[in-house]
Amino acid sequence: MEKKDSGKEILVGEGLFVRPKSPSEEPHLIGSKCKNCAEVTFPKQPWCANCGGEAEELLLSTIGKLYSFSNVNNAPPEGYKGPIPYGVGSVEVDGVRVMCNITEHDPGKLKIGMEMQLVVDSLFVDDDGNKVIGLMFRPVSN
Ligand SMILES: [Zn+2]
C-alpha cells in the first residue's frame with residue numbers, strides 16, 4: 001500500500017531545536033546554561049541541576065563529537081516507523097551528550113571522537129502521511 005502524503009510536518013518535540021528559516025541558516029539545539037556555574041544542559045531547563053542556579057537559553061553548537069554509537073538491524077522500539085537498519089548514538093555538543101539518531105548506520109564508517117553535524121529533517125512519515133521532523137547527526141566527513 002502506498003503511503004499517503006498529507007503535506008504536513010510535525011515535530012518530535014516542542015522546544016528541542018530551532019529550524020533554519022533560510023538555506024543559509026543552520027539548525028540549532030535549544031539548551032540552557034547556568035548563570036552561576038556555567039553548566040550546559042539539553043533539553044533546556046529553567047534551573048541548574050548542578051547548583052540550583054538560574055539557567056538561560058543557549059543555542060548549542062551545530063558541530064559535536066561522536067561519543068558512542070550502535071546500529072539497529074531489527075526489533076526496532078515500538079512505534080518506530082523509520083528505515084531499518086538505522087544508527088543511534090550519543091554526540092557530545094558543548095559538553096552535553098545528546099542521544100539521537102545518526103544518519104550513518106554502517107559502524108565501519110563511524111569512529112568515536114569524529115566530528116558530527118546536527119541535521120534537523122524528516123525521520124519518517126507517520127500513518128496519517130505527516131512528515132515527523134526530528135534531530136539527527138551526520139558525520140562531517142560524509
Ligand atoms: Zn549551576
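The following dialogue between a visitor and a guide concerns a predicted model of a protein.

Visitor: What makes Cys34, Cys37, Cys48 and Cys51 the residues that coordinate the zinc ion?

Guide: Each of the four offers its SG atom at 2.3 to 2.4 Å from the zinc ion. A sulfur atom counts as a donor if it lies within 2.8 Å of the metal. The SG atoms of Cys34, Cys37, Cys48 and Cys51 therefore count as donors of the zinc ion.

Visitor: Why is the site of the zinc ion called tetrahedral?

Guide: The angles among its four donor atoms are 100 to 117 degrees. Four donors count as tetrahedral if all angles lie between 85 and 135 degrees, so the site of the zinc ion receives that name. For orientation, the ideal angle for four tetrahedral donors is 109.5 degrees.

Visitor: Which spacing do the donors of the zinc ion follow along the chain?

Guide: The spacing is C-x2-C-x10-C-x2-C. Cys37 lies in the loop between β3 (28–34) and β4 (40–41), and Cys51 lies in the loop between β4 and β5 (55–59), so this pair ties together parts that are 14 residues apart in sequence.

Visitor: Why are Cys37 and Cys51 described as partly exposed?

Guide: Cys37 has a relative accessible area of 32%, and Cys51 has one of 36%. Buried means under 20% and exposed means over 50%. Both values fall in between, and therefore both residues are called partly exposed.

Visitor: How many helices and strands does the protein have?

Guide: The protein has zero helices and 10 strands. Read along the sequence, its pattern is β-β-β-β-β-β-β-β-β-β. Of its 142 residues, 37% count as buried.

Visitor: What makes Gly31, Ser32, Lys33 and Lys35 contacts of Glu56?

Guide: Contact means heavy atoms within 4.5 Å, and Glu56 is in contact with these four when its neighbours within four places in sequence are left aside. Glu56 is found in strand β5. Although Glu56 and Ser32 are 24 residues apart along the chain, their C-alpha atoms are separated by 5.3 Å.

Visitor: Why is Glu56 counted as partly exposed?

Guide: The relative accessibility of Glu56 is 40%. Since partly exposed covers the range between under 20% for buried and over 50% for exposed, Glu56 is counted as partly exposed.

Visitor: What is particular about the peptide bonds that join Phe42 to Pro43 and Ile84 to Pro85?

Guide: The bond between Phe42 and Pro43 is cis, with omega about -5 degrees. The bond from Ile84 to Pro85 is also cis, with omega near 0 degrees. Pro43 is found in the loop between β4 and β5, and Pro85 in the loop between β6 (63–72) and β7 (86–93).

Visitor: What is noted about phi of Ala38 and of Asp94?

Guide: Ala38 has phi near 70 degrees, a positive value in a residue other than glycine. Asp94 is not a glycine either, and its phi is positive at about 50 degrees. Ala38 is placed in the loop between β3 and β4, and Asp94 in the loop between β7 and β8 (96–102).

Visitor: Why do Ala38 and Asp94 count as partly exposed?

Guide: Ala38 has a relative accessible area of 41%, and Asp94 has a relative accessibility of 35%. Neither value is under 20% or over 50%, and therefore both residues count as partly exposed.

Note on methods
Residues numbered from 1 in each chain as written. Predicted model: local features only at pLDDT ≥ 70, side-chain atom pairs only at ≥ 80, totals over all residues. Heavy atoms only, no water. Donors = N, O, S within 2.8 Å, 3.2 Å for Na, K, Ca; no water. Tetrahedral: all angles 85-135°; square planar, octahedral: opposite > 155°, others 65-115°. Helix = DSSP H or I, 4+ residues; strand = E, 2+ residues; numbered from the N terminus. Buried < 20%, exposed > 50% of the residue type's maximum accessible area, 1.4 Å probe, protein only.
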